[in-house]
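Hi,

Here is the structure I promised to pass on. Have a look at it first, then read my notes underneath.

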Amino acid sequence: MSRACILTVSDTRNLNTDKSGKLIAERLQHHGVTVMARHVVIDDIVDIQQQFLVFEQLGPDLIIINGGTGIAQRDVTIAALTPLLSTMIPGFGEAFRELSFAEIGTRALASKAEAGFNNRNQLCYCLPGSTNACQTALDRLILPEFEHLLFERHK
């Protein structure tokens, strides 16, 4: 059984108001993934990296981050996490933006959603904070494929 940690990056949400984090947890649990931890941090590079590294130490198979992946000045998730991901999966971001374009049009171009593996071979996804975007990513890309990606990485 796979295990996951969920990190929400937001200046306005907390664990009680974090609909996207709750959705991610529910969808993962529905698919047999154990959610080990869920946390909310503000849009700050050091805070994001610090919590990500705490999650790494817990030893999950997946770390899913939502929020802070847009182009606003406060959106620093990708800048914070790119140095911590040793192997990027470019097809994830490309496919996500294509699916999002079909749903929301040209606004999808502003998404910097990414996926990759860290040095501990944990699969990491960086998603927008939108609940609809998280559901699209989970249902269309993450849940159908994450086990295969983990298997291939650990061969």
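Below is what I found, starting with the sheet and then going through the helices, a few single residues and the cysteines.

First, the ground rules: this is a predicted model, so local features need pLDDT of at least 70 and side-chain atom pairs count only at pLDDT 80 or more, while totals for chains, interfaces and linings use all residues. Residues are numbered from 1 along each chain as its sequence is written, and side-chain values use heavy atoms, with hydrogens and water left out.

**The sheet**

There is an open sheet of six strands with mixed pairing, in the order β2-β1-β3-β6-β5-β4. Its edge strands are β2 (34-41) and β4 (85-88), each of which pairs on one side only. From one strand to the next, the twist averages 25°. Helices (H or I, at least four residues) and strands (E, at least two) are DSSP runs, numbered from the N terminus. Two strands pair if DSSP finds at least two bridges between them; β1 (residues 3-9) and β2 have seven, in the parallel sense. If you want a place to check that register, L7 has H39 in β2 as its bridge partner.

Helix α5 packs on the sheet, where it touches β3 (62-66), β4, β5 and β6, and its direction makes about 165° with that of β6. Contact here means heavy atoms within 4.5 Å. Axes are lines fitted to C-alpha atoms, for helices over the stretch in contact, and angles run from 0 to 180 degrees between N-to-C directions.

**Helix α1**

α1 (residues 19-30) has twelve residues and reaches 16 Å from its first C-alpha to its last, close to the 16 Å expected at 1.5 Å a residue. That expected span is 1.5 Å times one less than the number of residues. S20, G21, L23, I24, A25 and L28 are buried in this helix, where buried means under 20% relative accessible area, exposed over 50% and partly exposed in between (1.4 Å probe, protein chains only). The cover over those α1 residues includes β1, β2, β3, β6 and α5. Just after the helix, G32 takes a positive phi of about 80°.

G32 also turns up among the contacts of S2, which sits in the segment before β1. S2 counts as buried because its relative accessibility is 13%. Not counting residues up to four places away in sequence, S2 touches G32, V33, T34, D61, F146 and L150. S2 and Q29 are 27 residues apart along the chain, and their C-alpha atoms are separated by 9.9 Å.

**Helix α4**

The 15 residues of α4 should span 21 Å at 1.5 Å a residue, and its end C-alpha atoms are 21 Å apart, which agrees. Which of its residues are buried? They are F92, G93, F96, L99 and S100. Seen down the axis of α4, the buried residues fall within an arc of 135° (taken from the directions from the helix axis to the C-beta atoms), so they line one face of the helix. On the other side, E94, E98 and A102 are exposed. The buried residues of α4 pack against β5 (114-118), β6 (123-127) and α5 (131-153). As with G32 after α1, a glycine follows with a positive phi: G105, just after α4, at about 80°.

F92 is worth a click. It lies in α4 (residues 90-104) and counts as buried at 7% relative accessibility. Leaving aside neighbours within four places in sequence, F92 is in contact with A113, E114, A115, Y125, C126, L127, A137, L141 and I142. Q122, by contrast, is 30 residues from F92 in sequence and 15 Å from it in space, C-alpha to C-alpha.

**N121**

N121 is in the loop between β5 and β6. Most residues other than glycine have a negative phi, and most peptide bonds are trans. N121 is not a glycine, yet has a positive phi of about 60°. With a relative accessible area of 26%, N121 is partly exposed.

**Cysteines**

How many disulfides does a search of the whole structure find? Zero, with a disulfide taken as a pair of cysteine sulfur atoms within 2.5 Å. For C124, the closest cysteine sulfur is in C126, 7.2 Å away and too far for a bond. For C134, the closest is also in C126, but at 11 Å, again too far for a bond. C124 counts as buried at 0% relative accessibility, and C134 counts as buried at 0% as well.

Cheers
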